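This report goes through the structure shown below, from overall figures to individual residues.

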Amino acid sequence: MTHELYCKDAGAVSCGGHITGANEDEFKSNLVAHLEAKHAVNKPNDTLVDYLMGVAETGSAGEKKLKF
Ligand SMILES: [Zn+2]
């Protein structure tokens, strides 16, 4: 399953970022690299990563099912 995330779908509307990955591990590493490069987030915690994974799955922050 391909994962992809547009930053604007996660609420970062000023970022044109589009992160993809062929699988979950690849997506996560691309996501972390993007967060560090564009959002000044170093070592994002699991809550943030899980949230963004959920947005990537549903394509929307609003439809995310809470995991915590
Ligand atoms: Zn971004």
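## Contacts and overall make-up

Among contacts between residues at least 6 apart in sequence, 29% join residues at least 24 apart. The model is predicted. The protein has 68 residues, and buried residues make up 28% of them. Its accessible surface comes to about 4400 Å², with 50% of that belonging to carbon and sulfur atoms.

The protein contains two helices and two strands. Along the sequence these elements follow the pattern β-β-α-α.

## The strand pair

S1 and S2 pair in the antiparallel sense, over four bridges. One residue pair in this arrangement is Leu5 and Ile19, the latter being the bridge partner in S2.

Side chains alternate along S2. Ile19 and Gly21 point to one face and are buried, whereas His18 and Thr20 point to the other face and are not buried. Ile19 is thus both the bridge partner of Leu5 and one of the buried residues of S2.

## The zinc site

Which residues coordinate the zinc ion? The donors are Cys7 through SG, Cys15 through SG, His34 through NE2 and His39 through NE2, at 2.0 to 2.3 Å. Angles among the four donor atoms run from 100 to 117°, and the site is tetrahedral. For four tetrahedral donors the ideal angle at a metal is 109.5 degrees.

Along the chain, the donors follow the spacing C-x7-C-x18-H-x4-H. Cys15 and His34 link distant parts of the chain, being 19 residues apart. Cys15 belongs to the loop between strand S1 (3–6) and strand S2 (18–21), while His34 belongs to helix H1 (residues 24–38).

Are these two donors buried or exposed? Cys15 counts as buried because its relative accessibility is 15%, under the 20% cut-off. His34 has a relative accessible area of 13%, so His34 is buried as well.

## Salt bridges

How many salt bridges does a search of the whole structure find? The search finds two. Side chains of opposite charge can pair when their charged atoms come close.

One salt bridge joins Asp9 and Lys8, with the closest N and O atoms 3.8 Å apart. Asp9 has a relative accessible area of 25% and is therefore partly exposed.

The side chains of Lys28 and Glu24 also meet in a salt bridge, at 3.7 Å from N to O. Both residues lie in helix H1, four residues apart, about one turn of the helix. Lys28 counts as partly exposed at 29% relative accessibility, and Glu24 counts as partly exposed at 39%.

## Positive phi between the helices

Most residues other than glycine have a negative phi. Ala40 has a positive value, near 55°. Ala40 is placed in the loop between H1 and helix H2 (46–58). With a relative accessible area of 69%, over the 50% cut-off, Ala40 is exposed.

Lys43 is not a glycine either, yet its phi is positive at about 50°. Where is Lys43 placed? Lys43 is in the loop between H1 and H2. A relative accessible area of 73% is why Lys43 counts as exposed.

Terms used: Residues numbered from 1 in each chain as written. Predicted model: local features only at pLDDT ≥ 70, side-chain atom pairs only at ≥ 80, totals over all residues. Heavy atoms only, no water. Donors = N, O, S within 2.8 Å, 3.2 Å for Na, K, Ca; no water. Tetrahedral: all angles 85-135°; square planar, octahedral: opposite > 155°, others 65-115°. Buried < 20%, exposed > 50% of the residue type's maximum accessible area, 1.4 Å probe, protein only. Contact = heavy atoms within 4.5 Å. Areas by Shrake-Rupley, 256 points an atom, 1.4 Å probe, with all protein chains shown as cover. Pairing = 2+ DSSP bridges. Salt bridge = Lys/Arg side-chain N within 4 Å of Asp/Glu carboxyl O.
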